Amino acid sequence: MPQVSVIVVSFNSGPLLAECVHAVWASTVAVEVLVSDNGSVDGSVDDLIATAEAGTALRVRRNGRNLGFAGAANAALPQARAPWLLFLNPDCLVRSDTLERMLEVVSKCPEVGIAGCLIRNPDGSEQAGCRRREPTPWRSLARVLHLNRWRPDDPRFRDFNMVAEPLPLEPVPVDAISGAFMLVRHTALAAVGPLDPGYFLHCEDLDWCRRFRDAGYTVLFVPGVDVLHHKGVSSRGRAVRVELHKHRGMLRYYRKFFRERYPRPLMWLVQSMVWARFGVLAVVLGLRRRRT
């Protein structure tokens, strides 16, 4: 019986898919790997199957089309048998002792429903987003307007991204972790429910962390365990579309959790600024693509 069911959502992930899964198979704890593929056409899934050793715990679900991250991850859930589930991006590489060390921490904390670790960029730096405060409409507005420059010591103006802050020495509760590496207690998932498929790509991790907290569970960040994340491998060449999904996801998140808590004019202002930001990014990314 596996201790961890590792769910990997793939979409044209290239050689990194096999590298990711082989790294998981080298874990010091018993695992099973469930790959939910969103219609890849680059041969990455076939390459993974071809390199799998006999007896390896691998199950592949070919969705035939792109269901988005949440939809594909949810599709694999009925096959997961372990008491812990790891939702892992295909461009994220774990160490052989990563899962063992994470389980040592979370097994002592029954209040933990979902946990993440320190995610590093290829250069070794901390990747933005692996520990976050909730991006409320106010925090997002303060970030866009750079209000933290005027009141740097005021907690109301602190950025939701905590990458610039010193790493804690011990595991600590946070508002949200990164969707690239989410270790979830199976019994807690049964109480909270699956990922919201209304998010196609991005922000589904924020939504899930919020729902775990609303259900009384702790979202835990474990700084003593780290993994490497080659961010954005599956989205290369589709930068504008990815940003569109990201901005749509953020607006869905605001409407879902803050529509009744914030004045309507403020919500309108935030929504306008979200779309304005997307418009600027789309132009910049389009020009950058033409130059390459």
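Two strands pair if DSSP finds at least two bridges between them. Keep that in mind as we start. Helices (H or I, at least four residues) and strands (E, at least two) are DSSP runs, numbered from the N terminus.

This is a predicted model, where local features need pLDDT of at least 70, side-chain atom pairs count only at pLDDT 80 or more, and totals for chains, interfaces and linings use all residues. Residues are numbered from 1 along each chain as its sequence is written, and side-chain values use heavy atoms, with hydrogens and water left out.

**Stop 1: strand S4**

Select residues 84-88, which form strand S4. Here 5 of its 5 residues are buried, meaning under 20% relative accessible area (exposed is over 50%, partly exposed in between; 1.4 Å probe, protein chains only). Show the side chains: Trp84, Leu86 and Leu88 point one way, while Leu85 and Phe87 point the other way.

Now add residues 4-10, strand S1, which runs parallel to S4 and is joined to it by 5 bridges. Which residue of S4 does Ile7 stand opposite? Look for Phe87. Next add residues 181-185, strand S8: another 5 bridges link S8 to S4, this time antiparallel. Leu85 stands opposite Val184 there.

**Stop 2: an annotated domain**

Select residues 5-134, which UniProt, in an unreviewed entry, lists as "domain: Glycosyltransferase 2-like". UniProt positions are given in the numbering used here, feature names are shortened, and annotations may be inferred rather than shown by experiment. This stretch is 28% helix and 26% strand, and its end C-alpha atoms lie 28 Å apart.

**Stop 3: two cysteines**

Select Cys203 and Cys209. Why is there no bond between them? The sulfur of Cys203 is 12 Å from the closest cysteine sulfur, in Cys209, which is too far; a disulfide is a pair of cysteine sulfur atoms within 2.5 Å. The structure holds 0 disulfides. Cys203 is buried at 7% relative accessible area, and Cys209 is buried at 0%.

**Stop 4: two helices**

Select residues 266-287, given as "transmembrane region" in an unreviewed UniProt entry. The chain here is 100% helix, with end C-alpha atoms 32 Å apart.

Finally, show helix H8 (residues 239-258) and helix H9 (residues 264-291), which pack at about 170 degrees with axes 9 Å apart. Axes are lines fitted to C-alpha atoms, for helices over the stretch in contact, and angles run from 0 to 180 degrees between N-to-C directions. H8 is therefore roughly antiparallel to H9 (over 145 degrees; under 35 is roughly parallel, 65 to 115 roughly perpendicular, the rest oblique). Among the residues in contact (heavy atoms within 4.5 Å) are Leu244 and Tyr254 in H8, and Val274 and Phe278 in H9.
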